[in-house]
Amino acid sequence: LKPANEALLLTHLERAIQQRRTDSSMDGNAYRVAHSDADGLPGVTVDKYGDYLVIQQHSAALEPYLDALLDALEAEYQSLGILARFDGKSRSLEGLETGVFELRGAVPEWLEVREGNVRYLVDPWRGQKTGAFLDQRENRSALKAKAYGRALDVFSYHASFGLHLATVCDDVECIDASQPALERGQENASLNGFTNLSFTAGNAFDILRERERSGIKYQTISLDPPALAKAKRDLPAAYRAYKELNLRAMKLLEPGGILGTASCSFHVSESDFYDMLRDSASDAGRTVRILERRAQSSDHPEILALPESRYLKYALLEIW
Ligand code: SAH
């Protein structure tokens, strides 16, 4: 997976594109086309939102090949526009130009995409990552398949889980600290004609505590916190934070309730994650049945020799 030249890089890109084209799990038009090292393109990620592409490129070694990669992408997709999200700090560490700008064609302020049977708006210019959390795509449909009743989408961003939950649950409350993300969530609800979503801005830790005090119960909870352990030294504090969130969610669920819970911190290993869930269940005094042990979507491939390519842990749980 060490590209030596342009031809090899283009071969890797072509292979990545073909893999997505033949992936039968893909139901929608927003997905990751190239996932950095795991697709043999170190430092390069390409996300596709309908007819538009958003690229991130963090490697000085690959910068000379950027034009060739863009030409190949344009030829494959006849894309209407390619946006550079070169605003992370990794590019400046490599001494590369930074910013958010159009590399090819024009990219609108908002992109509307489809995921399964919901539609949502993406903010490719200012949104988190390249505009959406595509790595949770399959987990959203897995949770939807089990969800029912009164639901919470905690750390909802623009209501990605919430929209899917709204198709099967009675009502869904989306909680996030970001007001702009929730405003887009509201627009996404309207776009789909959903009237059973509500939005609460604030700190999820405080809101879950309040809900517990109020005595309200839920049947479905989605927990998708940001990476709480950004570095190895954060692990003890992150473990406590993940545990607090999961413990509270378990307590808020009625017997038979469904919890979909994630950790996207690479530093939290799969075994740490399940240990944390076991501790949470024990403190909550609940029996937890594991329905599914999941990871990131298939368009974010995992390479055996690159443990960091399996970063997302996702458990689908039934709480008794
Ligand atoms: N579930 C989303 C992705 C969530 S990313 C999806 O599938 O698209 C994590 C989210 O947590 C971000 O939207 C961020 O704004 C929010 N966040 C971070 N810290 C928070 C806190 N303490 N309380 C509530 N939301 C928080």
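How many of the six residues of strand β11 are buried? Keep that question in mind as we walk through this structure, which is a predicted model. We will begin with the whole chain and then move to a few of its strands.

The protein chain is built from nine helices and 14 strands. Its radius of gyration is 20 Å, close to the 20 Å that the globule rule gives for 320 residues, so the chain is as compact as a globular protein of that length. If you draw a box along the principal axes, the C-alpha atoms fill roughly 60 × 40 × 35 Å.

What about the inside and the outside? Of the 320 residues in the protein chain, 54% are buried. The accessible surface comes to about 13700 Å², and carbon and sulfur atoms supply 50% of that area. The chain also carries 38 positive and 47 negative charges, and the mean positions of these two sets are 6 Å apart.

Contacts tell us how the chain folds back on itself. Among contacts with a separation of 6 or more, 65% link residues 24 or more positions apart. Glycine 99 offers a local example on another scale. This residue lies in strand β5, which covers residues 99–105. Its C-alpha atom is 5.0 Å from that of phenylalanine 86, although the two residues are 13 apart along the chain. Beyond its neighbours within four places in sequence, glycine 99 is in contact with Ala84, Arg85, Phe86 and Asp87.

Now turn to strand β8, residues 150–154. Four of its five residues are buried, so β8 is largely enclosed by the rest of the structure. One of its partners is strand β9 (residues 171–176), and the two pair in the parallel sense over five bridges. To find this pairing in the model, look for leucine 152, which stands opposite glutamate 173 in β9.

Strand β8 also pairs with β11: the two run parallel and are joined by four bridges. Here you can look for aspartate 153, whose bridge partner in β11 is serine 222.

That brings us back to the opening question. Strand β11 spans residues 218–223, and six of its six residues are buried, leaving the strand mostly covered. Besides its pairing with β8, β11 pairs in the parallel sense with strand β12 (residues 253–263) over five bridges. A helpful landmark for this pairing is tyrosine 218, which stands opposite leucine 253 in β12. Following the pairings step by step, you can trace a path from β9 to β8, from β8 to β11, and from β11 to β12.

Note on methods: Residues are numbered from 1 along each chain as its sequence is written. This is a predicted model: local features need pLDDT of at least 70, side-chain atom pairs count only at pLDDT 80 or more; totals for chains, interfaces and linings use all residues. Side-chain values use heavy atoms; hydrogens and water are left out. The radius of gyration is taken over C-alpha atoms; the globule rule is 2.2 Å times the number of residues to the power 0.38. Buried means under 20% relative accessible area, exposed over 50%, partly exposed in between (1.4 Å probe, protein chains only). Contact means heavy atoms within 4.5 Å. Accessible areas come from the Shrake-Rupley method with a 1.4 Å probe; for residues, only the protein chains shown count as cover. Lys and Arg count as positive and Asp and Glu as negative; His and the chain ends are not counted. The place of a charge is taken as NZ of Lys, CZ of Arg, CG of Asp or CD of Glu. Two strands pair if DSSP finds at least two bridges between them.
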